[in-house]
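Visitor: Got a minute to walk me through this one? I'd like to go over the side-chain contacts with you.

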Amino acid sequence: MVEQDIPTDGVPTVDFNIDGILKKMLKIFNTPSAPLEIPESQLRKLCMAARDVIMSQPVLPELSAPVNICGDIHGQFEDFIEQIKIIGIPPHQNYLFLGDYVDRGKRSLETICLLFAFKVKYPDNIFLLRGNHECASINRIYGFYDECKRRYNIKIWKTFTDVFNCLPLAALVENTIFCMHGGLSPDLLDPRELNKFERPMDIPNKGVLCDLLWSDPDPDIVGFGDNDRGVSFTFGANEVSKFLKRNNLSLIVRAHQV
């Protein structure tokens, strides 16, 4: 059973039992079709605890290998569970998730609650970056808002939004792999420039923060070009090469189109 593999020696960040939350989540873990049975009060405390942990860590997390880097989940909870079962669960495996945990799929709440529970319990074994769907203007339209309203209320959606506004936008792995949800920005020369930004933050319609969540590669262009999404840019292979060389990096890892 998965439950036997999870230690229970963590220290909760706020006055609630994170081990109790994890046990409830493990019921779903072992039976993915089971309903989420966390009272609203405990859900709020889970969000508060996750926010505290995330805000205690750098705007640009710098991670050591080994770490499993994972792309979009989009509320596909059963697929997410299978992935975790195959690779291994925290703290036995380290993870960096690249955003887009909610929307589109039917079980965004289960997905984000399990991620937050792991983050609170094992803060140095799992890192969560922000995707473009961790923005109120997007998940208000594509499903997460409606799911929160149907299963809890609008206030709980706002509570999750407060945490999303604190998520880091990028990470470095072993000082050689630059990771984000979207892509490069013409306004970002050095990844460590991100440390100057203060959280919580709303994502503007243009600029570095927007590009990290929205930009896309285009093998047919040189430099930066217009994006068919109507927001941010596309970037050519030459821009990738320039960014890697300037910052002595070996690789860029992104999601967004995966």
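Guide: Sure, we can go through rings, charges, a helix and a sheet, keeping in mind that this is a predicted model.

Visitor: Rings to begin with. How many aromatic pairs does the structure hold?

Guide: There are 10 aromatic pairs. Take Tyr95 and Phe97: their ring centres are 5.4 Å apart and the planes make an angle of 15°, so this pair counts as stacked.

Visitor: And are those two buried or exposed?

Guide: Both Tyr95 and Phe97 are buried.

Visitor: What about Phe116 and Phe160, how are their rings arranged?

Guide: Phe116 and Phe160 are stacked, with 6.0 Å from centre to centre and 25° between the planes. Phe116 sits in helix H4 (residues 108-121) and Phe160 in helix H7 (residues 154-164), so the pair ties together parts that are 44 residues apart in sequence. Phe116 and Phe160 are both buried.

Visitor: Which residues does the ring cluster around Phe116 take in?

Guide: Ring pairs link Phe116 with Phe144, Phe160 and Phe164 in a cluster.

Visitor: Phe144 is on my list too. Which residues of helix H6 are buried?

Guide: In H6, which covers residues 144-151, the buried ones are Phe144, Tyr145, Glu147 and Cys148. Viewed down the helix axis they fall within an arc of 165°, so they line one face of H6.

Visitor: What covers them?

Guide: The cover over the buried residues of H6 includes H4, H7 and helix H5 (136-139).

Visitor: Back to Tyr145. Which charged end sits over its ring?

Guide: That's Arg140, whose charged end is 3.7 Å from the centre of the Tyr145 ring. There's also Lys119, which lies over the face of Phe127 at 3.9 Å from the ring centre.

Visitor: OK, new topic: salt bridges. How many are there?

Guide: The structure holds 11 salt bridges. In one of them, Lys27 pairs with Glu37, and the closest N and O atoms are 3.4 Å apart. Lys27 belongs to helix H1 (residues 18-30), while Glu37 is in the loop between H1 and helix H2 (40-55), so the bridge ties together parts 10 residues apart in sequence.

Visitor: How exposed are Lys27 and Glu37?

Guide: Lys27 is partly exposed at 47% relative accessible area, and Glu37 is partly exposed at 46%.

Visitor: Which residue does Arg44 bridge to?

Guide: Arg44 forms a salt bridge with Glu40, with 2.9 Å between the closest N and O atoms. The two are four residues apart in helix H2, so about one helical turn separates them.

Visitor: And where does the Glu239 and Lys242 bridge sit?

Guide: Those two are in helix H9 (residues 237-246), three residues apart, so about one helical turn lies between them. Their side chains meet at 3.3 Å, N to O. Glu239 counts as buried at 13% relative accessibility, whereas Lys242 is partly exposed at 43%.

Visitor: Which residues are joined into one network by salt bridges that share partners?

Guide: Glu78, Arg107, Glu110, Glu147 and Arg151 make up that network.

Visitor: Last thing, the three-stranded sheet. What's the strand order?

Guide: The order is E7-E9-E8, in an open sheet with mixed pairing. Strands E7 (216-217) and E8 (224-226) are the edges, each pairing on one side only.

Visitor: How do E8 and E9 pair?

Guide: E8 and strand E9 (residues 233-235) run antiparallel, paired over three bridges. Phe224 stands opposite Phe235 of E9.

Definitions and conventions
Residues are numbered from 1 along each chain as its sequence is written. This is a predicted model: local features need pLDDT of at least 70, side-chain atom pairs count only at pLDDT 80 or more; totals for chains, interfaces and linings use all residues. Side-chain values use heavy atoms; hydrogens and water are left out. Rings of Phe, Tyr and Trp (its six-membered ring) pair if their centres lie within 6.5 Å; planes under 30 degrees apart count as stacked, over 60 as edge-to-face and the rest as tilted. Buried means under 20% relative accessible area, exposed over 50%, partly exposed in between (1.4 Å probe, protein chains only). A charge sits over a ring if NZ of Lys or CZ of Arg is within 6 Å of the ring centre and within 35 degrees of the ring normal. Two strands pair if DSSP finds at least two bridges between them. The arc is that of the directions from the helix axis to the C-beta atoms. Contact means heavy atoms within 4.5 Å. A salt bridge is a side-chain nitrogen of Lys or Arg within 4 Å of a carboxyl oxygen of Asp or Glu.
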